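I opened this notebook to record what I looked up in one protein model. The entries follow the order in which I consulted the structure.

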Amino acid sequence: MITFEIGKKDFLLNGKPFKIISGAVHYFRIVPEYWHRTLYNLKAMGCNTVETYVPWNLHQPQPEEFCFGKRADLAKFLQTAQDLGLYVILRPTPYICAEWEFGGLPAWLLNDPTVHIRQNDPIFLGYVERYFAKLLPIVAPFQFTQSGNILMMQIENEYGSFGNDKNYLRAIRDLMRANGITVPLFTSDGAWQNALEAGALIEDDILPTGNFGSRSNQNLDELQRYFDNHQKSYPLMCMEFWDGWFNRWKEPVITRDAQDLADCTDELLKRASINFYMFQGGTNFGFMNGCSARLDTDLPQVTSYDYDAPMREWGEPSEKYYLLQKVISQYPDASPIQDPILPKITQYPPLAVANEVSLFSTLDKISQPIESPCTQTMEQLGHYYGYMLYRANPTAYSDEIKLRIFQGRDRIQVFNDQQKVATQYQHEIGNDIMLQTPNGQFQLDLLVENMGRVNYGGKMLAPTQRKGIAAGAVLDLHFHTGWQHYALDFERLAEIDFNGEKDSRVPSFYQFHLQIDGGPQDTFIDTSKLGKGVIFVNGENLGRYWHEGPTCFLYLPAPLLKQGQNEIIVFETEGIRLTELTFSDKPIYKKLETKNL
């Protein structure tokens with residue numbers, strides 16, 4: 001049986017000093033068939049531990065629904081790590097940040113106006129308690145105290161950058177203990193005094209760790225100063241050593257010099273334990289990308305979570321990987337350095353479009369209308385991600401009428417009798433839109449896209465995290481009454497009627513067939529000539545694409561393909577007619593200036 005303790009200066013494994021050399025791998029961003037390869041490559045780089053977050057919204061997508069299968073099969077991931085001889089740092093906190101939708105919090109919480117997230121609020125803690133009662137019994141058998149491989153777990157994530165409610169932190173700790181968690185616990189915060197004082201529980205002998213990506217000695221000095229100020233002795237650890245960064249739409253790709261990373265890592269390892277954030281970033285499949293908060297226009301993040309990490313999104317080692325091998329190999333607790341397993345990537349031949357149909361022609365196949373006098377938000381209708389179409393049939397008494405939409409999020413396309421009139425995005429929503437309306441009734445359609453909820457900071461509490469149209473739409477000077485709400489249900493793609501009317505000027509579905517005679521291989525779908533939308537392969541949502549870049553591809557892992565005929569459906573919203581779909585054997589980026597971290 002393993003013994004693991006947090007000593008005064010070192011972590012102690014079986015009573016001996018132990019340097020944790022860890023890398024972050026998010027099981028929910030990598031297809032399960034590649035978990036073994038990813039974890040093998042992590043160990044081959046020299047790491048002895050893997051760290052992962054646990055996203056609440058993945059495991060409890062609806063208040064009455066819990067999910068622990070496929071990419072949510074946490075037990076399988078932990079077992080894979082154990083089979084490879086890797087220790088685990090688990091971060092099963094209600095909030096994870098992670099550039100993940102709403103920081104991992106389930107969007108259905110937004111339907112309860114009485115809840116105060118991440119606070120010592122009985123209502124919020126009641127939701128957490130119910131979640132933990134399902135989650136923690138699954139992971140408890142993997143604790144080292146039960147002959148497993150989990151060394152320690154996190155109470156809360158960067159709480160010092162959000163609040164200073166120590167009773168809330170204690171409540172989370174107590175819920176973990178009540179559900180069978182016996183391993184040491186820790187907190188992680190930015191390595192400056194205000195954040196540590198607000199977010200740590202050093203007074204309760206909970207290990208504080210720091211998050212940073214450069215100036216290793218300076219940040220470790222700050223963490224040590226915090227220990228000294230409280231007359232405590234703990235081993236130093238950087239829980240998130242940022243080896244790259246994430247990317248947002250319409251911004252340059254952010255990179256970090258490989259040698260600089262290696263030098264900073266060497267500086268850190270001389271004094272502390274480390275967790276590389278990320279080892280392999282993976283993919284924001286579906287609609288689970290996060291969003292960076294800004295004063296006016298929030299900035300949604302791209303589908304690729306490549307992070308410029310040592311192991312790329314598609315499983316290929318970068319220059320960083322090999323430089324870090326050399327640094328890590330100097331330390332006796334490192335795992336044996338090995339050659340990594342490399343991915344097999346191919347470029348499939350172009351596909352001609354097989355079928356197409358406009359959204360309006362097949363709307364009734366993928367959605368049933370919900371009628372209401374006033375517009376309802378996505379959350380109110382239990383449709384938390386993706387798209388919602390709002391339809392009304394007003395009567396105009398003039399040749400032109402002014403439309404204004406209030407409290408709409410995030411991006412709205414306006415159609416007058418199925419003719420596109422305008423697109424508004426965040427800060428533009430509420431501006432006047434003039435509709436040409438000869439006297440009589442007309443059909444008004446508002447297609448709203450939720451582009452991702454904020455994952456960090458105080459704006460998580462803002463009303464803007466409720467998506468769809470909250471207040472309503474004003475025609476002339478009055479709010480219009482009488483709406484139909486169509487939640488686009490992409491679980492019903494098989495019901496799309498491709499015999500319906502084609503109209504490439506409006507949002508449309510395009511169907512392609514990919515015939516694979518041998519074994520499927522990884523590939524990239526080239527989205528550089530597409531507009532904006534999402535792509536589904538055999539029913540699996542690969543994520544969003546947008547011609548604005550910087551990424552102009554969607555990574556398609558081989559396990560989502562099959563031998564024989566594969567169905568690919570593109571939902572294109574920008575009025576660009578697709579005649580073919582092309583592939584690549586490498587990622588494609590829009591030519592924006594690269595920005596160094």
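**Entry 1: The surroundings of Glu240**

I listed the contacts of Glu240, setting aside residues within four places in sequence, and found Tyr53, Arg91, Asn157, Glu158, Gly210, Asn211, Phe212, Asn275 and Tyr277. I note at the outset that the model is predicted. Glu240 sits in strand β10, which spans residues 237–242. I then asked whether Glu240 is buried or exposed. Its relative accessibility is 5%, so Glu240 counts as buried.

**Entry 2: Glu158 and the annotated pair**

I turned to Glu158, one of the contacts of Glu240. Apart from residues up to four places away in sequence, Glu158 touches Arg118, Ser188, Asp189, Asn211, Glu240, Trp242 and Tyr456. I located Glu158 in the loop between β7 (150–157) and α5 (166–178). Its phi is positive, about 50°, although Glu158 is not a glycine. With 10% relative accessibility, Glu158 counts as buried.

I consulted the UniProt record, an unreviewed entry, and found that its annotation "active site" covers Glu158 and Glu240. How far apart are they in space, given a spread over 83 residues of sequence? The largest C-alpha distance is 10.5 Å, and they cluster in space. I also found Glu158 and Glu240 in the lining of the second largest pocket.

**Entry 3: The largest pocket**

I next examined the largest pocket, which holds about 1,500 Å³ of space. I recorded 47 lining residues, of which Arg71, Gly286, Tyr385, Glu491 and Asn541 lie nearest the centre of the pocket. Which elements each supply at least two residues of this lining? I found α2 (56–59), β18 (386–392), β28 (483–487) and β32 (540–546). The largest share, 3 residues, comes from β18.

**Entry 4: A UniProt domain**

I returned to the UniProt record, again as an unreviewed entry, which lists residues 507–566 under "domain: Beta-galactosidase galactose-binding". Over residues 507–566 I read 0% helix and 55% strand. The C-alpha atoms at the two ends of this stretch are 23 Å apart.

**Entry 5: Nonpolar cores**

I looked for the residues at the heart of the packing. In soluble globular proteins, nonpolar side chains tend to be buried together. The largest nonpolar core here has 170 residues, and Val139, Met152, Phe490, Phe509 and Ile535 touch the most other members. Helix α4 (residues 122–139) provides the largest share of this core, 8 residues. I also noted a second, separate core of 22 residues, with Tyr390, Leu435, Leu444 and Leu446 among them.

For Val139 I listed the contacts, leaving aside neighbours within four places in sequence, and obtained Leu74, Leu78, Leu90, Ile150, Met153 and Ile181.

**Entry 6: Helix α3**

Two of those contacts, Leu74 and Leu78, led me to helix α3 (residues 74–83), where Leu74, Phe77, Leu78, Thr80 and Ala81 are buried. Why do they lie on the same side of α3? They cover an arc of only 155° around the axis, which puts them on the same side of the helix. After α3 comes Gly85, and I read a positive phi near 80° for Gly85.

**Entry 7: Backbone details**

I checked the backbone for unusual angles. The peptide bond from Tyr277 to Met278 is cis, with omega near 0°. Met278 belongs to strand β12 (residues 273–280), and Tyr277 is among the contacts of Glu240.

I found that the peptide bond from Arg409 to Asp410 is also cis, with omega near 5°. Where is Asp410? I placed Asp410 in the loop between β20 (400–409) and β21 (411–416).

Last, I noted Ala98, a residue other than glycine with a positive phi, near 60°. Ala98 lies in the loop between β6 (87–91) and α4. Its relative accessible area is 2%, and Ala98 is therefore buried.

Terms used. Residues numbered from 1 in each chain as written. Predicted model: local features only at pLDDT ≥ 70, side-chain atom pairs only at ≥ 80, totals over all residues. Heavy atoms only, no water. Core = buried A, V, L, I, M, F, W, Y, C linked by side-chain atoms within 4.5 Å. Buried < 20%, exposed > 50% of the residue type's maximum accessible area, 1.4 Å probe, protein only. Helix = DSSP H or I, 4+ residues; strand = E, 2+ residues; numbered from the N terminus. Contact = heavy atoms within 4.5 Å. Arc of directions from axis to C-beta. UniProt positions renumbered as here; feature names shortened; annotations may be inferred. 1 Å grid on protein atoms, 1.4 Å probe; cavity = no way out; pocket = protein on both sides within 12 Å on 5 of 7 lines; lining within 4 Å. Points joined across faces, edges and corners; volume = space filled by probe spheres on them.
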